[in-house]
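Colleague: I would like to go through this model with you, one point at a time. Please give the reasoning before each value or name.

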Amino acid sequence: VQLQASGGGLVQAGGSLRLSCAASGYTDSIIIMGWYRQAPGKQRELVATFTTGGSTQYADSVKGRSSISRDIAKSTIDLQMNSLKFEDTAVYYCKARSRTTSYWGQGTQVTVSS
């Protein structure tokens, strides 16, 4: 499975951003896709996930101002982030997981200016 992420950039605080990730390869094996992020000097953390069964999970820090969506047929996953804060600045990574393996996409930088 290969993951291609896009949509990062520079945005002002309070603004919005949409990240997209497209999976290719043996996508039938994927049971969950999601977004993680890593800020400078911090560990990588979960932002939001979406299972094949339709369940979603959000980090408390983005809950209420972010929405994850997934098109299983197209093997894509999008993350809409609103009311962005300076602390949302990080490299965002797309992740897909099968029953046995985790796959990571290249990171996309999100920078929120105050």
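Colleague: Is Ser98 buried or exposed, and what is its relative accessible area?

Modeller: This is a predicted model, so the value is computed from predicted coordinates. Ser98 is found in the loop between β9 and β10. Buried means under 20% relative accessible area. Ser98 is therefore buried, with a relative accessible area of 6%.

Colleague: Which residues does Ser98 touch, not counting residues up to four places away in sequence?

Modeller: Contact means heavy atoms within 4.5 Å. With residues up to four places away in sequence not counted, Ser98 touches Ser29, Ile30, Ile31 and Tyr103.

Colleague: What is the relative accessible area of Trp104?

Modeller: Trp104 is found in strand β10, residues 102-104. Leaving aside neighbours within four places in sequence, Trp104 is in contact with Leu3, Tyr36, Arg44, Tyr93, Cys94 and Lys95. Partly exposed covers the range between the 20% and 50% limits. Trp104 is partly exposed because its relative accessible area is 37%.

Colleague: Which residues touch the most other members of the largest nonpolar core?

Modeller: The largest nonpolar core has 28 residues. At least two residues of this core come from each of β1, β3, β4, β5, β8, β9 and β11. Those that touch the most other members are Leu3, Met33, Trp35, Ile77, Leu79, Tyr92 and Cys94.

Colleague: Which strands stand at the edges of the open sheet of 4 strands, each with a single partner strand?

Modeller: The order in this sheet is β1-β3-β8-β7, with antiparallel pairing. One side of each edge strand is left without a neighbour in the sheet because each has a single partner strand. The edge strands are β1 and β7.

Colleague: How many bridges pair β3 and β8?

Modeller: Strands of a sheet pair through backbone hydrogen bonds, either parallel or antiparallel. In the β3 and β8 pair, Arg18 stands opposite Gln80 in β8. The two strands pair in the antiparallel sense, and the number of bridges is 6.

Colleague: Which side chains along β3 point to one face and are buried?

Modeller: In a regular strand the side chains alternate between the two faces of the sheet. Along β3, Arg18, Ser20, Ala22 and Ser24 point to one face and are not buried. Those pointing to the other face are buried: Leu17, Leu19, Cys21 and Ala23.

Colleague: Which residue in β3 stands opposite Gln4?

Modeller: β1 and β3 run antiparallel and are joined by 5 bridges. The residue in β3 opposite Gln4 is Ala22.

Conventions. Residues are numbered from 1 along each chain as its sequence is written. This is a predicted model: local features need pLDDT of at least 70, side-chain atom pairs count only at pLDDT 80 or more; totals for chains, interfaces and linings use all residues. Side-chain values use heavy atoms; hydrogens and water are left out. Buried means under 20% relative accessible area, exposed over 50%, partly exposed in between (1.4 Å probe, protein chains only). A nonpolar core is a set of buried Ala, Val, Leu, Ile, Met, Phe, Trp, Tyr and Cys residues joined through side-chain atoms within 4.5 Å. Two strands pair if DSSP finds at least two bridges between them.
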